[in-house]
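Let's take a tour of the salt bridges in this protein chain. Have the structure open while you read, and look for the charged side chains as they come up.

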Amino acid sequence: DSVDPSDLRREWEEWLRAFELVLELKNIESQHDKLVFMLARGGRGLQRIYYNLRPVASEIYPEPVKIPRLPKEIPEYDNAVKRLSSFFIGKRNERVELEVFRSLKQTADETFNQFILKLRTQAARCDFQDREEREILQQVTMGAKDERVRDKGLENMMNLDELTNYAINREILAKQKGKQNNFGAEHGVSTISYVKQEKSSGGSAKFYGGGSTMRNRRTNIECERCGSWKHRKDSRDCYARNARCNNCGVRG
């Protein structure tokens, strides 16, 4: 029921890979036992397909031997896999697969790791061989939803692994900033009340009361270089006074 009928080739390849892992785990070596186990595990749907398929040209049937020699084992399982693969996979249309690969883009609710996995899955069908990493990097540059990730790809200064780490780190930072903003919106900002006393010429005291947020008071004296609220931007105590800006490249 979970099989996608529009992509039988991928469904068959993934199912066969998982099944052969089970064979190795159970240590089943006989060709006949493998075939029986595959048909039993595949259910009536797979059985119906297998028993109604004709043999393919690549199947192997050993020649009979003279008695008293033992006959060679017929590769029943290998032949069945070839027959079923011919049915599910069919003839590959490389142009269609390449067109699908070129059209892949990262969706709004998709993480970068999910996007990379989607690209690698489709790239395996395009037979890029030693060009696969370069082709995936090119598609990341065209299809990533983060503009900065696309720009980094266009700079051609990072390989695929480096660009992947950069994109994942940006996702983590964005999530952390979102959590902080949500926390501030839910709980508000603490208010500080203050009282200012001035002495009039007649000796009486005048009081002025009011409230101001800690965030506003800090913003007024925040250092634009290092972000500290303990000193102003023209202070000599700022450790970033002679540092180079990561965004514009200007020193100081």
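Start with E14 in this predicted model. Its relative accessibility is 33%, so E14 counts as partly exposed. R10 gets the partly exposed label too, because its relative accessibility is 23%. These two residues pair up in a salt bridge, with 3.4 Å between the closest N and O atoms. Both sit in helix α1 (residues 8-26), and they are four residues apart, which is about one turn of the helix. There's a third partner to look for here: E11 joins R10 and E14 in a network of salt bridges.

How many salt bridges are there by this rule? The count is nine. Here are three of them, with the distance between the closest N and O atoms:

| Acidic residue | Basic residue | Closest N and O atoms |
|---|---|---|
| E14 | R10 | 3.4 Å |
| E110 | K118 | 3.2 Å |
| E133 | R120 | 3.0 Å |

Now for the second row. Is E110 buried or exposed? E110 is buried, because its relative accessible area is 11%, and the cut-off for buried is under 20%. Its partner K118 is partly exposed, at 26%.

The last row joins E133 and R120 in a salt bridge. This pair links distant parts of the chain: E133 lies in helix α6 (residues 132-143) and R120 in helix α5 (residues 112-123), 13 residues apart. E133 is partly exposed, with a relative accessible area of 37%. R120 is partly exposed as well, with 30%.

Conventions: Residues are numbered from 1 along each chain as its sequence is written. This is a predicted model: local features need pLDDT of at least 70, side-chain atom pairs count only at pLDDT 80 or more; totals for chains, interfaces and linings use all residues. Side-chain values use heavy atoms; hydrogens and water are left out. A salt bridge is a side-chain nitrogen of Lys or Arg within 4 Å of a carboxyl oxygen of Asp or Glu. Helices (H or I, at least four residues) and strands (E, at least two) are DSSP runs, numbered from the N terminus. Buried means under 20% relative accessible area, exposed over 50%, partly exposed in between (1.4 Å probe, protein chains only).
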